[in-house]
Amino acid sequence: MHSPRQFLSRVGLVSKSGLLPWCARKPPGWSQPFLSTASGGNFTHLAAKKYQRGQESQKKPSQDLGPLDASWQERLADAVTPLWRLSYEEQLKVKFEAQRKILQRLESYLQMLNGVNMTTATPKSEGLSCILLPIIPSPVISGYRNKSTFSVNRGPDGNSKTVGYYVGTWRDRNIVCVHSHRLKNIPEKHNQVAQYYEIFLRQSRAEPCLLFHEGGYWRELTVRTNSQGHTMAIITFHPQELSQEELCVQKETVKEFFTKGPGAVCDLTSLYFQESTMTHCSHQQSPYQLLFGEPHIFEDLLDLKIRISPDAFFQVNTAGAEMLYRTVGELSGVNSNTILLDICCGTGVIGLSLARHTSKVLGIELLEQAVEDARWTAAFNGITNCEFYAGRAEKILPQLLKSKNDGQLIVAVVNPARAGLHYQVVRAIRNCRAIRRLVFVSCKPHGEATRNFIDLCCPPNSAKKLLGEPFVLRQAVPVDLFPHTAHCELVLLFTR
């Protein structure tokens with residue numbers, strides 16, 4: 001049998017130990033923690049490069065961005081949207097193959113763990129034991145993002161008040177901030193707001209904050225839009241040693257620019273200002289201050305009117321999200337006799353969209369603002385069988401499952417960030433007999449979520465307190481929410 005390290009080396013998931021926030025020491029039985037391949041590339045990037053090499057002699061670049069040796073725009077496109085040169089049909093082939101390879105390697109290791117002879121295991125589809133369905137394409141291919149975050153730093157001309165996306169890395173100290181107006185995934189409205197924020201910065205006497213210890217004030221810009229054309233802008237500002245009176249002057253200046261000055265052409269629905277002394281602050285750590293306009297934007301999705309706060313999670317591709325959530329609903333198999341457990345629920349869209357098909361929905365989300373949005377959405381849409389809890393899932397879930405220990409079957413849906421689920425959440429799901437069906441939505445299945453899959457499916461392990469019956473991976477559906485990039489959502493159905 002191959003060791004975990006041998007398997008992970010093959011898959012490309014071995015990195016330095018001790019980097020998982022929940023892993024203070026090496027887990028029993030593992031020679032190395034499971035980590036993502038963010039620093040060393042991933043299957044999709046590798047497959048894309050291999051596929052491109054095979055296509056170069058047949059196909060020219062799909063867009064002319066000028067001389068290769070002078071085009072910052074092309075370098076940015078290659079960094080942010082590495083598949084932009086391929087047709088969308090070709091992109092889907094690359095992504096599907098990447099997901100198939102991830103599942104193939106995962107299955108082979110799980111089979112070894114469970115003592116299955118891989119030479120006699122019967123593949124069901126695509127050389128896999130689970131059923132891998134065709135990739136679901138995004139209904140919108142260009143300008144699909146409803147949220148974009150722009151950085152402020154030195155541009156190709158050396159101007160430190162440039163607003164855009166980064167080329168280069170901090171490690172190599174070669175960061176250059178490049179305008180994003182030719183990125184295929186960014187809508188024109190987002191680029192327009194970024195352009196006028198740059199105009200504002202260049203006429204402001206206050207310097208940008210490039211590195212915290214070097215001073216400066218103006219930082220990143222986040223733009224959120226909805227399908228009705230409403231636009232929310234959020235400006236992050238490092239207060240340094242400014243007094244409240246001086247801060248008020250800066251807030252009034254930027255407000256004036258976007259309401260009565262040149263920035264008024266952006267027609268913002270709302271403008272927020274956040275004082276932040278860290279890389280990222282939640283609303284609880286540093287409240288978002290509404291300078292003008294509506295406090296929320298709203299989106300229509302799956303027959304629901306959904307409220308979205310400044311920092312609430314909402315899938316960046318609205319049309320694609322509808323395809324994703326319909327897929328989750330179909331795989332969940334909920335009915336009037338089941339409870340739906342929606343973990344990492346964001347604004348609650350998955351649970352709320354399935355509420356009429358199940359007896360009760362229990363949602364857990366870290367951000368208080370997102371939970372308030374979910375509760376508002378439930379009330380506005382007349383949904384009365386949903387409860388939402390704000391806090392860390394690893395703290396809330398074990399107690400919640402104990403309180404619901406009445407024999408009713410539970411269907412769990414999890415949609416974590418790229419870091420995957422906390423090990424205590426996986427343990428609670430694994431050890432809850434009432435959970436017979438689990439739908440796992442992963443935006444990075446080749447990363448740290450791999451450990452989650454293995455802990456869900458491995459034989460019982462008393463040392464890791466994984467005592468419940470193991471899950472079996474039954475079905476996988478790739479859903480593309482990120483055209484032109486290497487990313488793809490993978491929806492996995494586990495049962496037991």
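Me: Why is Glu469 called partly exposed in this predicted model?
Reply: Its relative accessible area is 42%. Buried means under 20%, and exposed means over 50%. The value of 42% for Glu469 lies in between, so Glu469 counts as partly exposed.

Me: What makes Glu469 and Arg436 a salt bridge?
Reply: Their side chains meet at 3.1 Å, N to O. The cut-off is 4 Å between a side-chain nitrogen of Lys or Arg and a carboxyl oxygen of Asp or Glu. At 3.1 Å the pair is within 4 Å, so it is a salt bridge.

Me: Which parts does the pair Glu469 and Arg436 tie together?
Reply: Glu469 lies in the loop between H12 and E16, and Arg436 lies in strand E15. These parts are 33 residues apart in sequence, so the pair ties them together.

Me: Is Arg436 buried, partly exposed or exposed, and how do you know?
Reply: Its relative accessibility is 30%. That is neither under 20% nor over 50%, so Arg436 is partly exposed.

Me: How do you know that Arg100 and Glu97 meet in a salt bridge?
Reply: The N to O distance is 2.8 Å. The limit is 4 Å, so the pair qualifies. Both residues are in helix H4, three residues apart, which separates them by about one helical turn.

Me: Why is Arg100 called buried, and Glu97 partly exposed?
Reply: Arg100 has a relative accessible area of 15%, which is under 20%, so Arg100 is buried. Glu97 has 26%, which falls between 20% and 50%, so Glu97 is partly exposed.

Me: What makes Asp78 and Arg85 a salt bridge?
Reply: Their side chains meet at 3.3 Å, N to O. That is within 4 Å, so the rule is met. Asp78 is partly exposed at 33%, whereas Arg85 is buried at 19%. Salt bridges that share partners also join Glu74, Asp78 and Arg85 into one network. By this rule, the count for the structure comes to twelve salt bridges.

Me: How do you know that Cys344 has no bond to Cys345?
Reply: The two sulfur atoms are 8.2 Å apart. A disulfide needs sulfur atoms within 2.5 Å, so this pair is too far for a bond. Cys345 holds the closest cysteine sulfur to that of Cys344. Cys457 is in no disulfide either, with the nearest cysteine sulfur, that of Cys458, 8.0 Å away. The structure holds zero disulfides.

Me: Why is Cys457 called buried, and Cys344 partly exposed?
Reply: Cys457 has a relative accessible area of 4%, which is under 20%, so Cys457 is buried. Cys344 has 24%, between 20% and 50%, so Cys344 is partly exposed.

Me: Where is Cys443, and is it buried or exposed?
Reply: Cys443 is in the loop between strand E15 and helix H12. Its relative accessible area is 17%, under the 20% limit, so Cys443 is buried. An unreviewed UniProt entry places the feature "active site" at Cys443. Beyond its neighbours within four places in sequence, the contacts of Cys443 include Arg418 and Cys488.

Me: What makes E1 and E13 the edges of the open sheet?
Reply: The sheet has eight strands, in the order E1-E16-E17-E15-E14-E11-E12-E13. E1 and E13 each have a single partner strand, so one side of each is left without a neighbour in the sheet. Helix H4 packs on the sheet and touches E1, E16 and E17.

Technical notes:
Residues numbered from 1 in each chain as written. Predicted model: local features only at pLDDT ≥ 70, side-chain atom pairs only at ≥ 80, totals over all residues. Heavy atoms only, no water. Pairing = 2+ DSSP bridges. Helix = DSSP H or I, 4+ residues; strand = E, 2+ residues; numbered from the N terminus. Contact = heavy atoms within 4.5 Å. Axes fitted to C-alpha atoms, helices over the stretch in contact; angles between N-to-C directions. UniProt positions renumbered as here; feature names shortened; annotations may be inferred. Buried < 20%, exposed > 50% of the residue type's maximum accessible area, 1.4 Å probe, protein only.
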